[in-house]
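The exercises that follow are meant to be worked through with the sequence and the model side by side. Try each task before reading its solution.

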Amino acid sequence: MNQQLVRLYQLAQQPSRRIIGLMSGTSLDGLDVALCRLHGHGTSTRLELEHFATVPYDDDVRHRIRQVFAREQVSLEYLTLLNPWLGHLHADMILQCLQQWQVAPREVDLIASHGQTVYHAPQHQHQRPDFPLNATLQLGDGDHVAVRTGIITLSDFRQKHIAAGGEGAPLAAYGDYLLLSSPHEERLLLNLGGIANFTYLPRTGQDASTAFSTDTGPGNTLLDATVRQHRPELAYDEDGRLASTGQVHEGLLAELLGHPFFAAALPKTTGPELFSPAYLQQAQERSNTTGLGLEDTLATLTEFSALGVARAATQVFGPRPALAVYASGGGAHNPALQAALRRHLPNCRFDTTETLGVLPDAKEAILFALLANEAVAGQPVSIGAGRQRVPAVSMGKISFPG
Ligand SMILES: Nc1ncnc2c1ncn2[C@@H]1O[C@H](COP(=O)(O)OP(=O)(O)OP(=O)(O)O)[C@@H](O)[C@H]1O
Ligand SMILES: CC(=O)N[C@H]1[C@@H]2OC[C@@H](O2)[C@@H](O)[C@@H]1O[C@H](C)C(=O)O
């Protein structure tokens with residue numbers, strides 16, 4: 001019998017596993033690496049975060065990814081070359097972290113590698129009748145990660161979700177439910193990354209099929225793109241300082257909110273393919289605001305992101321929902337965005353996932369460690385079973401190092 005299968009079989013039976021979760025999101029800021037110890041599986045999972053780091057992408061890496069990122073037309077050769085290259089890069093970043101943490105690769109049981117999303121195309125977005133399917137593409141092939149690190153790697157988590165009727169995202173609900181649902185309160189876990197999304201968690205013990213996650217629209221993606229365009233020396237508007245000195249332009253805001261995405265049923269997904277600088281440009285042309293200053297544009301975009309979240313919450317929970325909201329992702333560090341959210345959801349109580357014992361910047365990487373743990377040791381995660389576009393499946397493809 002293949003000894004790698006024997007190893008995997010043994011891993012599945014261990015009371016706990018040491019799993020590295022990886023996430024590199026739409027902001028292209030770097031690779032999040034979370035070394036986790038997971039005890040048990042399913043609703044009895046207990047997770048300890050042993051180490052966490054974001055290994056920054058340098059300008060060269062960002063430049064290479066941007067050659068294909070969210071673009072309709074790219075060089076097929078470039079895309080083919082980028083796939084193993086990113087696998088190597090991510091593997092080297094993991095090895096660098098392990099060295100810093102003084103952990104030998106053989107002491108790690110599994111890697112859960114999300115890969116780099118380069119294109120996300122749910123059907124409602126691509127609208128091509130010749131391809132009646134949802135689709136998404138993550139690069140950084142798992143075989144390359146496995147061979148270079150010597151660690152069994154699970155990757156490409158999103159394809160199974162699509163195959164089983166989902167949009168390939170958001171996958172957060174599955175891990176959020178296992179880790180963060182509470183017997184005492186209903187929760188909304190709000191992730192403010194490049195794209196914003198939230199997970200609704202009923203109380204533990206209540207019907208898990210009502211849990212789900214949905215994208216709500218842009219989080220930071222348009223803010224970052226606008227800052228880069230006007231002030232190339234800045235990566236983002238630190239602490240929302242520029243946005244907080246600007247005024248919201250109601251005409252531009254109305255144009256930004258006019259897209260049918262905001263009225264579509266939940267759960268739904270999106271990406272920078274739709275919420276791109278071109279989307280902003282068109283909204284500016286329609287509202288005669290192409291000359292609007294940087295600060296006012298950022299104030300309006302901050303309002304836009306917050307209203308996307310508020311509208312989705314209102315769609316599910318009715319007007320003025322009263323929920324316990326726990327934020328994560330880079331936007332949780334942006335006071336201007338937080339203030340706008342509080343204004344639009346005045347009856348909600350806001351906090352970050354740190355209060356629940358989960359480092360906000362590490363949450364998405366942890367999520368993939370949880371998914372890998374379920375794929376190896378658990379059952380298909382029964383979250384959302386019965387709800388449209390939230391299939392109850394296990395996710396992740398297995399790559400052996402040898
Ligand atoms: N102090 C801060 N002030 C304002 N914004 C911040 C701050 N820190 C981080 N951010 C924002 O958070 C972004 C990074 O967020 P994050 O790492 O959650 O994104 P991501 O994981 O790439 O996105 P996604 O979840 O869509 O995949 C930055 O690009 C910036 O816009
Ligand atoms: C296709 C893709 O990579 N989507 C990401 C992105 O970043 C945030 C939002 O858009 C979310 O849908 C998803 O990631 C998280 C981890 C998810 O699947 O839950």
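**Exercise 1.** In this predicted model, find how far a polar side-chain atom of T26 lies from an oxygen atom of ligand 1, and then describe the shell around that ligand.

*Solution.* Begin with T26, where a polar side-chain atom lies 2.6 Å from an oxygen atom of ligand 1. Next, turn to the backbone, where an N or O atom of G330 lies 2.8 Å from an oxygen atom of the ligand, and a backbone N or O atom of I195 lies 3.0 Å from an oxygen atom of ligand 1. Taken alone, ligand 1 exposes 660 Å², and the protein buries 88% of that area. Then widen the view to the 22 residues around ligand 1, of which T26, S27, D224, D239 and G330 come nearest. Sorted by class, this shell holds 4 nonpolar, 12 polar and 6 charged residues. Finally, ask where the shell comes from: domain 1 (3–168 + 362–387 + 395–399) and domain 2 (172–356) each supply at least three residues to the shell around ligand 1.

**Exercise 2.** Work out which residues come closest to ligand 2, and why ligand 2 is said to lie between two domains.

*Solution.* Among the 15 residues that surround ligand 2, the closest are T117, R158, L171, A172 and D215. Two side chains can be checked in turn: a polar side-chain atom of T117 lies 2.6 Å from an oxygen atom of ligand 2, and a polar side-chain atom of R158 lies 2.8 Å from an oxygen atom of ligand 2. For A172, the atom to look for is a backbone N or O, which lies 2.9 Å from an oxygen atom of the ligand. On its own ligand 2 has 430 Å² of accessible area, and the protein covers 97% of it. The elements giving two or more residues to this shell are β4 (110–121), β8 (195–201) and α14 (363–377), and β4 provides the largest share, with 3 residues. The last step concerns the domains: because domain 1 (3–168 + 362–387 + 395–399) and domain 2 (172–356) both give residues to the shell around ligand 2, the ligand lies between them.

**Exercise 3.** Decide whether S287 counts as buried or exposed, and do the same for D239, buried or partly exposed.

*Solution.* S287 has its place in the loop between α11 (277–286) and α12 (294–317). Its relative accessibility is 14%, and since buried means under 20%, S287 counts as buried. The side chain of S287 also makes a polar contact, at 2.8 Å, with the side chain of T289. D239, in turn, is found in the loop between α8 (221–230) and α9 (241–244), and with a relative accessibility of 35% it counts as partly exposed.

**Exercise 4.** Determine what is unusual in the backbone, given that most residues other than glycine have a negative phi and most peptide bonds are trans.

*Solution.* Take phi to begin with: D239 is not a glycine, yet has a positive phi of about 55 degrees. D156, likewise a residue other than glycine, has a positive phi near 50 degrees and is found in the loop between β6 (153–155) and α6. Then examine the peptide bonds: the bond from A169 to P170 is cis, with omega near -25 degrees, and P170 lies in the loop between α6 (158–163) and α7 (172–180). The bond from L266 to P267 is cis as well, with omega near -5 degrees, and P267 lies in the loop between α10 (250–256) and α11.

How values were computed: Residues are numbered from 1 along each chain as its sequence is written. Chains are lettered from A and ligands numbered from 1 in the order in which they are written. This is a predicted model: local features need pLDDT of at least 70, side-chain atom pairs count only at pLDDT 80 or more; totals for chains, interfaces and linings use all residues. Side-chain values use heavy atoms; hydrogens and water are left out. A residue is near a molecule or strand if one of its heavy atoms lies within 4 Å of it. A polar contact is a pair of N or O atoms within 3.5 Å; within protein, one must be able to donate a hydrogen and the other to accept it, and residues adjacent in sequence count only if both atoms are side-chain atoms. Accessible areas come from the Shrake-Rupley method with a 1.4 Å probe; for residues, only the protein chains shown count as cover. Ala, Val, Leu, Ile, Met, Phe, Trp, Tyr, Cys and Pro count as nonpolar, Asp, Glu, Lys and Arg as charged, and the others, Gly among them, as polar. Domain bounds come from an automatic or database domain assignment. Helices (H or I, at least four residues) and strands (E, at least two) are DSSP runs, numbered from the N terminus. Buried means under 20% relative accessible area, exposed over 50%, partly exposed in between (1.4 Å probe, protein chains only).
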